[in-house]
Amino acid sequence: MKILSIDHISLSFGGLNVLSDVSFDVNQGEIFAIIGPNGAGKTSILNIISGFYRPEKGKVFFNGNDLTHMPADKRAALGMGRTFQNIALYHGMSVLDNIKLGAHYHLKTGLMSALWYWGAAHREEMELRKKIEEDIIDFLEIESIRNHPVSALAYGLQKRVELARALAMRPKVLLMDEPVAGMNAEETEDMARFILDIKEEYDTTIVLIEHDMKMIMDISDRVLVLNFGQALTHGTPKEVQKHPDVIEAYLGKKKAKTNRTAII
Amino acid sequence: MDIFLQLVASGFLVGGIYALIALGFVLIYKATNIINFATGEFMMIGAYIFYSLVVYLKLSPFIGFPLVIIFAAILGFLVERLILRHMLGQPNISIIMVTIGLSSILLGLAEIIWGSSFRSFPPLFPRKPIILGEIVLRSNLFYGFLMAMVVVAVFLLLFKYAKVGVAMRATANDQMAAFSMGINVKTMFTISWAFGAIAASLGGIIIGNIGGVQPTLGHIGLKIFPIVILGGLDSIIGAVIGGFIVGIVENLAGGYLDPYFHGGVKDLAPFVVLIFILLIKPHGLFGTKEIERL
Amino acid sequence: MHIGDFKETYASDQAVFINATSRFWLGILFALLILFPFVAGDYLLFMANLAGITIIGAVGLNILTGFAGLISLGHAAFIGVGGYTAAILSTRFDLPFLLCLPLSGLMAAFFGIIVGGPSLRLKGLYLCIATLAAQLILEFIFVHWESMTGGIRGMNISPPDIFGYVLDNDFKFYFVTLIMVILCVTFARNLFRTRVGRAFIAIRDRDISAELMGINLLRYKTYAFALSSFLAGISGCLWVNFLKTITPEHFPLLESVRYLAMIIVGGMGSILGSILGAIFMTIVPEVISTILGFLVNIFPTAMSFLFPLQQVIFGLLIVIFLVFEPHGLAEIWRRIKNYFHLWPFEH
C-alpha cells in the first residue's frame with residue numbers, strides 16, 4: 001500500500017534544474033532509500049516532501065491526500081518526521097527539551113494555560129516526560145545525556161538526539177537525510193540497528209538519503225537512484241546494483257571505467 | 001507648481017548627500033555583512049573633527065578634508081580591530097547590537113568633548129544662491145551636493161578599477177573563494193570599515209556645513225535604513241537611487257504636510273514609506289531573497 | 001553544604017526550584033522583599049519601585065528578543081503606549097487603576113501585533129528596521145496627537161487607588177510593584193516550561209527546522225510580540241501611576257536601546273537575566289550621578305556630563321558584555337552559585 005507518492009515533480013532555482021519530472025511511490029512500512037551523487041537533488045526531494053520547497057510542477061500525495069499546497073507545519077502534524085543533513089538541533093536547549101519539542105504538535109497547551117502552568121499544562125508536561133523517557137530515551141540509549149546542552153555533544157550523539165526528536169513527532173513517515181554521514185563504523189552500525197528497530201517497533205515508514213552504500217544495501221527494501229535531478233531507476237537493492245545506468249552514473253562509462261575510482 | 005519643483009529640486013540635492021552617507025553603510029555591509037547602526041555617529045564625529053580643525057586650529061578646509069579622511073580611516077580601523085573582529089561568527093542579532101552600543105558610545109563621547117550645543121560651520125562655499133529659472137537653491141546645499149557626487153563617483157571608480165576595490169568586491173561575493181585567491185579577507189574587512197567611515201564622515205561634513213553640527217546630528221544616520229531598504233542593502237547604485245528617492249519624498253512630505261502637524265513629518269515620512277514597502281516586499285525593493293538550505 | 005538530589009518523580013526533576021536548599025533561599029528572598037520597605041528610606045523605595053517596573057519591561061523584551069530571537073528597537077514605544085493608555089483611561093474616562101492595568105497591557109499588545117504582525121515575515125535586519133520605524137511613528141503620535149496625549153507637555157494623573165485605598169506614596173506603591181513583578185516573572189518562567197516557550201526558543205535557534213517540526217511560525221511569533229508588548233504595557237501603566245506624569249520624552253529610541261542593553265547585560269534568553277539586567281541598569285545611572293556629585297566640588301560643571309556619560313557607559317556595557325560575556329550576568333551568577341554549591345569541597 002502506498003503511503004507517499006511523488007508525482008512528476010520538477011524544481012529549479014534561478015534557471016538551474018534541480019529536479020526534473022521525478023516520480024516514485026513509497027509503500028507503507030518499508031525502508032526506502034534515495035541515493036545518487038552529490039548535487040543529484042536528493043535533499044531537495046526531502047525538502048519538497050516536508051514542505052520547505054514548493055515544486056514548480058507535480059504533486060505530493062500522503063495517504064492519498066494532495067499535500068502540494070499544505071504548509072510545512074501542517075505536514076508535520078499529519079505525521080511527517082524529519083532529520084537533517086547538517087544537524088538542525090536547537091542549541092539553546094537541553095537534549096530533553098529538544099526531544100520534547102518534537103512532540104509539539106501532539107500537545108495542547110495554549111498560551112494562557114502555559115502562562116498559568118499549574119493544572120492542565122503541568123499534567124501534560126509530566127505525561128510527555130514519561131512517554132519520552134520510556135519510549136524514546138530508553139530506546140535510543142541516551143539516558144546519560146538527557147540534561148546536557150546539545151551543543152556540547154559529540155557529532156554522533158547529536159545525530160541520535162535528532163532522531164529522538166523526530167521520533168517524538170510520532171511520525172508515520174520518517175525522512176532521514178544522511179543519518180550516518182561522518183560516523184565511524186560502530187556508530188553507523190548502531191544507527192542502522194535503530195532504523196530497523198524503528199521500522200519494526202514504531203510501524204514507521206522510512207525514507208532515507210545516504211552515501212553509505214553498504215548500509216543502504218543491507219537495510220533498505222527499495223532504492224531510488226537519482227542523477228542530475230532525474231530518476232534513473234528504482235527497485236530492490238539487488239536490482240539497482242546491477243542496473244547499467246546506475247553503474248554508469250557512479251562509475252562512468254565503460255571505456256573510462258578502469259581509470260576511475262569508485263565513488264561508492 | 002513652482003513650490004513643487006522647488007521641493008523636488010532641493011530634495012534631489014539632499015538626496016545626493018544622503019546617498020553618500022548610505023554609501024558609508026553599504027561599503028561596510030557589502031564586504032562584511034555587518035549592519036552598522038553607528039554610521040550616523042561616524043558622520044557626526046567626522047563633522048565635529050572638521051569643525052575643530054577649521055575653527056579651533058584655524059586650518060584651511062583644504063587641509064581639513066584630508067585630515068578628516070585620515071582620522072575617519074583610523075576610526076574605522078580601530079572599530080573593526082577592537083570590537084568587530086571579536087564578533088566574527090557571532091549571531092547577527094549580537095553584531096547588530098554591538099554597533100548599536102558603539103553608536104551610543106560615540107554619541108556620548110561627542111557630547112562630553114564638544115558639549116550639546118549647536119555649532120555652525122564657517123562659510124566654505126560662495127554664499128550666493130543658485131538660481132535656475134524659478135528654482136532657488138541654497139549655495140551650501142548645491143555645492144555640498146556636488147561634493148557628495150564627486151566622492152560617490154570616486155568610490156564607484158575605486159570599486160570598479162582599483163585593485164583594492166576589485167578585491168573588496170571579490171570578498172563581498174564569496175569570502176572563501178576570495179580567500180583562496182590570496183586575498184586577505186580580514187584586511188578587506190578592515191579596509192571596508194575604513195572606507196565606510198570615510199564616506200560617512202565626508203557626508204557629515206557636508207550635512208554639518210548645511211545645518212550646523214550637534215551630537216544628535218547622527219540621527220540623520222537612521223535615514224540610511226529607508227534608503228538601503230529601497231535600494232538594496234549591498235548595492236552602491238541602489239544606495240544612490242534610494243538616497244534620491246528618500247530626499248525627494250521627505251522634502252515633499254515636509255513641504256506639504258508639516259504645516260498641518262507642526263513639524264516632524266519630514267523626518268517621519270521615509271519611515272512610513274519604508275513600512276509600506278516592507279509590507280509589500282519583505283526583502284526590500286531590490287533585495288534578493290536568498291535560497292535557504294537545510 | 002548540599003550533597004545531591006535524589007528525585008523520584010519527573011515532576012520533582014522538572015521543578016523550578018529543585019531542592020530544599022533553593023526553596024529555603026527563595027523563602028528568605030521573599031521575606032527580605034516584604035521587610036524591605038519597612039526599613040528602606042525614601043530614596044531606596046523610589047529606586048526599588050523603578051527597578052521593579054523596569055524588570056517587567058525587561059522580561060517583556062527578553063521574551064521577544066532573548067527567547068524568540070526577534071530583535072526590537074521599539075520596546076520603549078510600546079511601554080509608552082501602555083503608559084499613555086493608562087493616563088488617558090484614568091483621566092478622561094475615570095477608570096479605576098485595577099482596570100487600567102490589564103487594559104494598558106492589552107492596548108500595548110494590540111499595537112505590538114499591529115507592528116509585529118505584518119513584519120513577521122521579516123527576519124533579522126528587516127524586522128529590526130520595521131520596529132525602528134514603529135518606534136519613530138509612535139513617538140510622532142505621542143507628540144502630535146495633542147488632543148489625546150497632551151503633546152510635548154504630556155499629562156499628569158492623580159494617585160491611583162485600589163477599592164478606595166489611595167496609593168499616595170512610594171511605600172504603598174511598592175507592594176503593588178512587588179506583586180506585579182512576582183506575577184509577571186512567574187508567568188514568564190512558567191511559559192518556558194511548556195511547549196509554547198520551547199517553540200519560541202526553537203524559532204530563535206533554527207526557524208526552518210522549527211517549522212518542519214510542526215510549529216506554526218506566524219502564530220508563535222505573534223504570541224511573542226503580543227506577550228512582549230503586553231508586559232511593556234503593564235510596565236508603562238505602573239510607570240505612569242508611579243510617577244504620575246507622562247511625556248513623550250520618556251520613551252525615546254534611546255530608551256529602547258537601554259532596554260536592549262539591559263537584557264544583554266543581564267543575559268539574553270534568561271528570565272533571571274532580565275531581572276539582574278533591569279536592576280543593574282537602574283543602579284548604574286545612580287552610581288554615575290553619585291560619583292559626579294562628588295566631583296562637583298572639583299569641576300563645577302561635572303553634573304552636565306551625567307547624560308552623555310550614561311550613554312557612553314550603556315554603550316560600553318553592551319559592547320563589553322557581547323564581546324566577553326555574551327550570556328550576561330545570569331551566567332556569572334550561575335558560576336558563582338556553582339562555586340559555592342559544593343563549597344568548600346569543590347573538587
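**Chain C and its contact with chain B**

Trainee: How many helices and strands are there in chain C?

Mentor: The model is a predicted one. In chain C, the count comes to 15 helices and four strands.

Trainee: What radius of gyration does chain C have, and what would a compact globule have?

Mentor: Chain C has 347 residues, and for that number a compact globule would have a radius of gyration near 20 Å. The value for chain C agrees with this, at 21 Å. The C-alpha trace spans about 65 × 55 × 45 Å along its principal axes. The two radii asked for are therefore 21 Å for chain C and near 20 Å for the globule.

Trainee: Which helix of chain C gives the most to the side that touches chain B?

Mentor: The contact takes 36 residues from chain C and 37 residues from chain B. On the side of chain C, the elements that give two or more residues are helix 5, helix 6, helix 12 and helix 14. By class, this side has 29 nonpolar, six polar and one charged residues. With 13 residues, the one that gives the most is helix 6 of chain C.

Trainee: Are helix 4 of chain B and helix 12 of chain C parallel or oblique to each other?

Mentor: Their axes come within 11 Å and cross at roughly 125 degrees. The contact is made by B:Met97, B:Ile100 and B:Ser104 on one helix and C:Val257, C:Leu260 and C:Ile264 on the other. Angles from 65 to 115 degrees count as roughly perpendicular and those over 145 as roughly antiparallel. The crossing angle lies between these ranges, so the two helices are oblique.

How values were computed: Residues numbered from 1 in each chain as written. Chains lettered and ligands numbered in written order. Predicted model: local features only at pLDDT ≥ 70, side-chain atom pairs only at ≥ 80, totals over all residues. Rg over C-alpha atoms; globule rule 2.2 N^0.38 Å. Contact = placed C-beta atoms within 7 Å. Nonpolar A, V, L, I, M, F, W, Y, C, P; charged D, E, K, R; others polar. Axes fitted to C-alpha atoms, helices over the stretch in contact; angles between N-to-C directions. Parallel < 35°, antiparallel > 145°, perpendicular 65-115°, else oblique.
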